[in-house]
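This briefing concerns the model shown below. The topics are overall architecture, nonpolar cores, aromatic pairs, one loop residue and salt bridges.

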Amino acid sequence: MKSAFILAATLALAACGGATTSSNSSGAASTAAQPANTASFASMINAVRAENGVAPVTRSSKLDRAAQRHAEDMLNNGFFSHTGSNGSTAGQRATAAGYRWSTVAENIAADYATKEEALQSWVNSPGHQANNISPNVTNFGFGSAGTGRNKTWVLMFARPL
């Protein structure tokens with residue numbers, strides 16, 4: 001119960017500015033989703049990390065799936081939150097996608113037309129930037145849903161077990 005409370009509290013902080021959560025989760029893999037142009041986003045997020053003296057992160061297809069599903073969930077169900085429409089947390093979504101993690105963090109954004117705008121909004125937010133440049137994560141996943149400015153974006157960071 002204590003670890004569930006800590007996870008919920010730190011993810012609530014992430015919604016307001018970003019936080020990372022350490023825990024131990026595992027779970028079954030789910031079906032694949034298409035990442036939101038992850039190759040070029042990797043260059044972008046790693047440039048932010050390099051500018052801040054932090055090691056690069058590598059793409060995880062499992063985190064891509066978790067991020068993509070959450071972006072689609074928010075868009076399709078008309079909400080904006082780190083809590084999924086089914087009550088799931090970022091850690092639970094990573095686990096459901098088959099990622100066994102020790103640390104997980106999530107940035108979300110809405111109403112930006114491009115990945116560059118979404119990333120810039122996270123860079124400009126101290127809490128989200130803390131996730132962007134956390135030395136405690138080694139992988140990332142990225143997803144988006146919608147068109148034009150009617151778009152949701154999800155960036156997940158994690159470290160495997």
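Two residues are in contact when heavy atoms lie within 4.5 Å. In this predicted model, Phe 41 touches Lys 115, Leu 119, Trp 122, Phe 140, Phe 142 and Leu 155, leaving aside residues up to four places away in sequence. With a relative accessibility of 0%, Phe 41 counts as buried, because the limit for that class is under 20%. The points below begin with the whole chain and then return to Phe 41 and its surroundings.

**Overall architecture**

- The protein comprises 6 helices and 5 strands.
- Read from the N terminus, the order of elements is α-β-α-β-α-α-β-α-α-β-β.
- Of the 161 residues in the protein, 49% are buried.
- Among contacts with a separation of 6 or more, 73% are between residues 24 or more positions apart.
- The protein has an accessible surface of about 7300 Å², and carbon and sulfur atoms account for 54% of that surface.

**Nonpolar cores**

- In soluble globular proteins, nonpolar side chains tend to be buried together.
- The largest nonpolar core contains 17 residues, of which Phe 41, Ile 45, Trp 122, Phe 140, Leu 155 and Phe 157 touch the most other members.
- At least two residues of this core come from each of the following elements: helix H2 (38-51), strand S3 (101-110), helix H5 (115-124), strand S4 (139-147) and strand S5 (150-160).
- Helix H2 makes the biggest contribution to this core, giving 5 residues.
- A second core, separate from the largest one, has 16 residues, including Met 74, Ala 94, Ile 108 and Ala 145.

**Aromatic pairs**

- The whole structure holds 3 aromatic pairs.
- One of them joins Phe 41 and Phe 140 in a tilted arrangement, with 6.2 Å between the ring centres and 45° between the planes.
- Phe 41 belongs to helix H2 and Phe 140 to strand S4, so this pair ties together parts that are 99 residues apart in sequence.
- Phe 41 and Phe 140 are both buried.
- How are the rings of Phe 41 and Phe 142 arranged, stacked or edge-to-face? Their centres are 3.7 Å apart and their planes meet at 10°; planes under 30 degrees apart count as stacked, so this pair is stacked.
- Because Phe 41 lies in helix H2 and Phe 142 in strand S4, the stacked pair ties together parts that are 101 residues apart in sequence.
- Phe 142 has a relative accessibility of 0% and therefore counts as buried.
- Phe 41, Phe 140, Phe 142 and Trp 153 make up one aromatic cluster.

**Ser 60 in its loop**

- Ser 60 is located in the loop between strand S2 (58-59) and helix H3 (61-77).
- Is this loop residue buried or exposed? Ser 60 has a relative accessibility of 9% and so counts as buried.
- The Ser 60 side chain reaches the backbone nitrogen of Leu 63 at 3.1 Å.
- Leaving aside residues up to four places away in sequence, Ser 60 touches Tyr 99, Asn 139, Phe 140 and Gly 141. Phe 140, one of these partners, is also a member of the aromatic cluster.

**Salt bridges**

- The model contains 4 salt bridges, among them the three described here.
- Asp 64 and Arg 59 form a salt bridge in which the closest N and O atoms are 2.6 Å apart.
- In that pair, Asp 64 counts as buried at 1% relative accessibility, whereas Arg 59 is partly exposed at 44%.
- Arg 93 forms a salt bridge with Glu 106, and the closest N and O atoms are 2.9 Å apart.
- This bridge links distant parts of the chain, as Arg 93 lies in helix H4 (residues 90-96) and Glu 106 in strand S3, 13 residues apart.
- Arg 93 counts as buried at 9% relative accessibility, and Glu 106 is buried with a relative accessible area of 0%.
- The side chains of Lys 115 and Glu 116 form a salt bridge with an N to O distance of 3.9 Å; the cut-off is 4 Å, so the pair is counted.
- Lys 115 counts as buried at 14% relative accessibility, while Glu 116 is partly exposed at 42%.
- Lys 115 also appears among the residues that Phe 41 touches.

Methods: Residues numbered from 1 in each chain as written. Predicted model: local features only at pLDDT ≥ 70, side-chain atom pairs only at ≥ 80, totals over all residues. Heavy atoms only, no water. Core = buried A, V, L, I, M, F, W, Y, C linked by side-chain atoms within 4.5 Å. Buried < 20%, exposed > 50% of the residue type's maximum accessible area, 1.4 Å probe, protein only. Helix = DSSP H or I, 4+ residues; strand = E, 2+ residues; numbered from the N terminus. Phe/Tyr/Trp six-rings, centres within 6.5 Å; stacked < 30°, edge-to-face > 60°. Polar contact = N/O pair within 3.5 Å; in protein donor to acceptor, adjacent residues only side chain to side chain. Areas by Shrake-Rupley, 256 points an atom, 1.4 Å probe, with all protein chains shown as cover.
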